[in-house]
Amino acid sequence: GTAAEALVGQVVLPGDLLLLPAHYDEDAEGERLRLSAGTAPQGRLLCGPGLRRSGAGLLVTKCGLLRHRPAGGGAYWVDSQQKRYVPVKGDHVIGIVTAKAGDVFRLDVGGSEPASLSYLAFEGATKRNRPNVQVGDLIYGQFVVANKDMEPEMVCIDSSGKSSGMGIIGQDGFLFKVSLGLIRKLLAPKCEIIQELSQLYPFELVLGMNGRIWVKAKTVQQTLIIVNILEACEYMTAEQRKQALAKLSGT
Amino acid sequence: FMQRGLDSQTKKQLEEEEKKIISEEHWYLDVPDLKEKESCIIEERSFLRCEDLVYGRMSFKGFNPEIEKLMIRMNSKCKEEEIEDDDKMEADVSDEEMARRYETLVGTIGKKFLRKRDQRVLKDDDEDDEAEEGNSNTRPSKRAKKMFLKPQD
């Protein structure tokens, strides 16, 4: 294998073994004392999506670009592109209510199984005060249970019991699907696409990590324009996008 | 094996025999204990912990003011440490209005608890302050009323 630091920002393929610096090596515990205190990081290394721990290093399981974050003990992950979503704990997603089964709603989140959402998992919900959720509604929530052995479960409150923006998404608006890589690009801090779009019209946007985006603007035409730009952003370069936006703001 | 009237001694013997049988049947590993290695690598399947992503709900140009407030709150929580700005919170009533209200409020409630004589004093004082100087005739007569008038013989 090759050293992990050498491949940061380059394409890696499944099966590549990345070697980590000596102070992460589990077998070399005795040697840790010999290394100077400055080089050993404080926290633990985070092995993100696309990578698996294997013996002395990390094994790549997805093809993509290797990314590294030195802060907080360091993190390595593979920036890969896919359209199919796999539920992950802690992710905020948009789900469509497909069925009501007693006390639990079944939501379609684009994964292999429908997720379950209890009616008590809303802010201010009690047994008598049930939330007004109908089949076909859109819900923005996060996963509390999401692994390959169990059915995924969602909630619409955070750990302190507040909704903080989650819950039923309102009327009107337009829901469409994009690839997961674009969502992460849009959610990056100071995303240019979002900044440029925000100069156009007033609108509201909800981004789900499962590839679903919901847009609502004042008129249907404005909504559709925003939808088309977001869908096309995947394959447009920055200049093409700026040209398209300039044309729109001109008309 | 549970028999009535079994002596405590025989009971103990039976228990010991049972334990012996059980312990002989138990399997145990003849391998020295493995030291649990403290791993320095955490596996994580979520992109949220790796990258610094903003909150997924957004609103622009005042389309949904609640979401815009939420955006500021959620995104500042990630960047800065939570500093509670309770003093700077938007108040429904401004400070000046509060001061004005309190001025009058304290007076009106205070009056309620005065005895009757004091109330009359207060009332006259108010009227004196408000009335113009044209009422100078009435003033001495009012003041005269307050003082004890010796009944004329």
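Strand β17 of chain A, spanning residues 212-217, is a good place to begin: five of its six residues are buried, so the strand is largely enclosed by the rest of the structure. This description, like everything that follows, concerns a predicted model.

The strand has two partners in chain A. On the one hand, strand β15 (residues 174-177) is joined to β17(A) by four bridges, and the two run antiparallel. Within this pairing, A:F174 finds its bridge partner in A:V215 of β17(A). On the other hand, strand β16 (residues 203-207) is linked to β17(A) through five bridges, again in an antiparallel arrangement. Here A:E204 is matched with A:K216 of β17(A). The connection between β16(A) and β17(A) can also be followed along the chain: these strands form a hairpin, with four residues between them. In the turn of this hairpin sits A:G211, whose phi is positive, at about 90°.

How confident is the predictor in chain A, and what is its average pLDDT? The average for chain A is 85, and 91% of the residues score at least 70. Residues 25-41 of chain A deserve a more careful reading, as pLDDT stays under 50 over this stretch. For these residues, the model has 13 contacts beyond four places in sequence.

Turning to chain B, the model contains six helices and two strands. Followed along the sequence, these elements appear in the pattern α-β-α-β-α-α-α-α. Chain B has 153 residues, of which 14% count as buried. The chain exposes about 15,000 Å², with carbon and sulfur atoms supplying 51% of that area.

One of the residues of chain B worth a visit is B:E51, found in the loop between α2 (47-50) and β2 (57-60). Is B:E51 buried or exposed? Its relative accessible area is 17%, and because buried means under 20%, B:E51 counts as buried. Once its neighbours within four places in sequence are set aside, B:E51 is in contact with A:W77 and A:R184, two residues that carry the chain A label.

Elsewhere on chain B, a nonpolar patch lies on the surface. The patch is formed by B:V93, B:M98, B:Y102, B:L105, B:V106, B:I109 and B:F113, which together have about 700 Å² of accessible area. Among them, B:Y102 belongs to helix α4 (residues 95-112) of chain B. With a relative accessibility of 46%, B:Y102 is classed as partly exposed, because that class lies between the 20% limit for buried and the 50% limit for exposed.

Methods
Residues are numbered from 1 along each chain as its sequence is written. Chains are lettered from A and ligands numbered from 1 in the order in which they are written. This is a predicted model: local features need pLDDT of at least 70, side-chain atom pairs count only at pLDDT 80 or more; totals for chains, interfaces and linings use all residues. Side-chain values use heavy atoms; hydrogens and water are left out. Buried means under 20% relative accessible area, exposed over 50%, partly exposed in between (1.4 Å probe, protein chains only). Contact means heavy atoms within 4.5 Å. Accessible areas come from the Shrake-Rupley method with a 1.4 Å probe; for residues, only the protein chains shown count as cover. pLDDT is the predictor's confidence in each residue, from 0 to 100. Two strands pair if DSSP finds at least two bridges between them. Patches are made of residues with over 30% relative accessible area and no salt bridge: like charges are joined within 9 Å, nonpolar side chains (Val, Leu, Ile, Met, Phe, Trp, Tyr) within 5 Å. A salt bridge is a side-chain nitrogen of Lys or Arg within 4 Å of a carboxyl oxygen of Asp or Glu.
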